[in-house]
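The following account leads through a protein chain from its overall make-up to its sheets, its cores and a few individual residues. Please keep the sequence and the model in view while reading.

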Amino acid sequence: MSEHDVKSEQQPELADAKIKTKPGWTFSIIWVVPIVALIIGGTLATKAIYEKGPTVTISFNSADGLQEGKTKIRYKNVEIGTVDSITLDKDLDRVIVQAELSKSFKPYLTDKTRFWVVRARVGSGRVSGLGTLLSGVYISIDPVKDGERIYTFTGLEVPPVVTSNLPGRHFNLKSKSLGSLNIGSPIYYRQIRVGELVSYQLTPTGDEVTVQIFIHAPYHDFVLENSRFWNASGIDFKIEGSGIQVDTQSLASILSGGIAFESFKSIGAIDIAQEGTEFNLYSNRNSAFEKEYSVEEHYLLYFNESIRG
């Protein structure tokens, strides 16, 4: 037996190789982690887009006290937004503030909604915003649902005396002059403060001053169609034969001015004055209650004795 035959007996015969093809794609457990991460990321992104509130643009004369990313927008002392950016307009005249608000306030962004900066203010007879000395300034909002939807606003430089959510009525008074009255001056009824002066302006002809006041509920029901309003600023002196008469409402009215009113008692029913009713504003109480005559007759009287009193 040759050496070649011995080696052939020792080596087994190998089977033929079979070729198997793998499918085009197979699922592997390693893909579970990125798929779950993709689902979670998409869910969070969708939630963020859905919950994102509206972005508003507010212009002010100055950015005093405002800070990007820190200054809050509040309503009834509840945070509803944050200032995102503060820039100047192209003319460098005003400051442009962009802020994102809570989604729930989107229906209240109308042309009647107002924004203003709340900071410490000390004025004639009025102090406000002292809390901002510790917490910092913030932007407040007076939301109004009725109106045209807008997202660009002009901020108020002076906070409004009355906001839209306060119950009561507005009335207009006409006078020859403003006197010592100012925005925020108190309105009195029987020496009780029941409202404030909201605004004033000259009539188109410039002959009179129109004063708008606000009477809080339920005191607005005391304003009747025959009510008389007068300027209660300072102290009114009246010297007569019977002596000296002094008339004033309060210390606040002496310092910062004020308006008082009364209504005439009548046998017949007098209707309650409605929103926007116009009245005359008299210079003092005496002139408000003077009787007005359409026919006058003059007499000359002689007295032999004293006419004191």
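Accessible areas are obtained here by the Shrake-Rupley method with a 1.4 Å probe. On that basis, the accessible surface of the protein chain amounts to about 21,400 Å², and carbon and sulfur atoms hold 55% of this area. The model is a predicted one.

The protein chain has 309 residues, of which 30% are buried. Its secondary structure consists of five helices and 18 strands. Among contacts with a separation of 6 or more, 68% link residues that are 24 or more positions apart. Two sheets, described in turn below, organise much of this account.

One sheet is open and contains seven strands in the order β5-β8-β2-β3-β4-β1-β9, with mixed pairing. Its edges are formed by β5 and β9 (152–154), each of which pairs on one side only. From one strand to the next, the twist averages 30°. At the β9 end of the order, β1 and β9 run parallel and are joined by three bridges. Within this pair, Thr57 stands opposite Thr152 of β9. Strands of a sheet pair through backbone hydrogen bonds, either parallel or antiparallel.

Several strands of the open sheet also supply a nonpolar core. In soluble globular proteins, nonpolar side chains tend to be buried together. The largest nonpolar core here comprises 20 residues, and Val56, Phe60, Leu66, Val97, Phe115 and Ile139 have the most contacts inside it. Two or more residues come from each of β1 (55–60), β3 (78–88), β4, β5 and β8 (138–142). The greatest contribution is that of β4, with four residues. Which residues does Val97 touch, if those up to four places away in sequence are not counted? They are Val56, Thr57, Ile58, Phe60, Leu66, Val83, Ser85, Ile86 and Ile139. Thr57, which stands opposite Thr152, is thus named again among the residues that Val97 touches. Apart from this core lies another, of 19 residues, including Leu197, Ile213, Val223 and Phe279.

A loop residue may be considered next. Lys112 lies in the loop between β4 (95–101) and β5 (114–118). Beyond its neighbours within four places in sequence, Lys112 is in contact with Asp142, Val144 and Asp146. Lys112 and Glu148 are separated by 36 residues in sequence, with their C-alpha atoms 8.0 Å apart in space.

The other sheet is a closed barrel. Its seven strands run β10-β13-β12-β11-β17-β14-β18, with mixed pairing. Neighbouring strands are turned by 35° against each other on average, direction ignored. Strands β14 (residues 228–231) and β18 (residues 278–282) run parallel and are joined by two bridges. In this pairing, Trp230 has Tyr282 of β18 as its bridge partner.

Ser175 offers a view of the barrel at the level of a single residue. Ser175 is found in strand β10 (residues 168–175). Is Ser175 buried or exposed? Buried means under 20% relative accessible area; Ser175 has 10% and is therefore buried. The side chain of Ser175 reaches the backbone oxygen of Ser177 at 2.8 Å. When neighbours within four places in sequence are left aside, Ser175 is in contact with Glu208, Val209 and Leu281.

Key
Residues are numbered from 1 along each chain as its sequence is written. This is a predicted model: local features need pLDDT of at least 70, side-chain atom pairs count only at pLDDT 80 or more; totals for chains, interfaces and linings use all residues. Side-chain values use heavy atoms; hydrogens and water are left out. Two strands pair if DSSP finds at least two bridges between them. Axes are lines fitted to C-alpha atoms, for helices over the stretch in contact, and angles run from 0 to 180 degrees between N-to-C directions. Buried means under 20% relative accessible area, exposed over 50%, partly exposed in between (1.4 Å probe, protein chains only). A polar contact is a pair of N or O atoms within 3.5 Å; within protein, one must be able to donate a hydrogen and the other to accept it, and residues adjacent in sequence count only if both atoms are side-chain atoms. Contact means heavy atoms within 4.5 Å. A nonpolar core is a set of buried Ala, Val, Leu, Ile, Met, Phe, Trp, Tyr and Cys residues joined through side-chain atoms within 4.5 Å.
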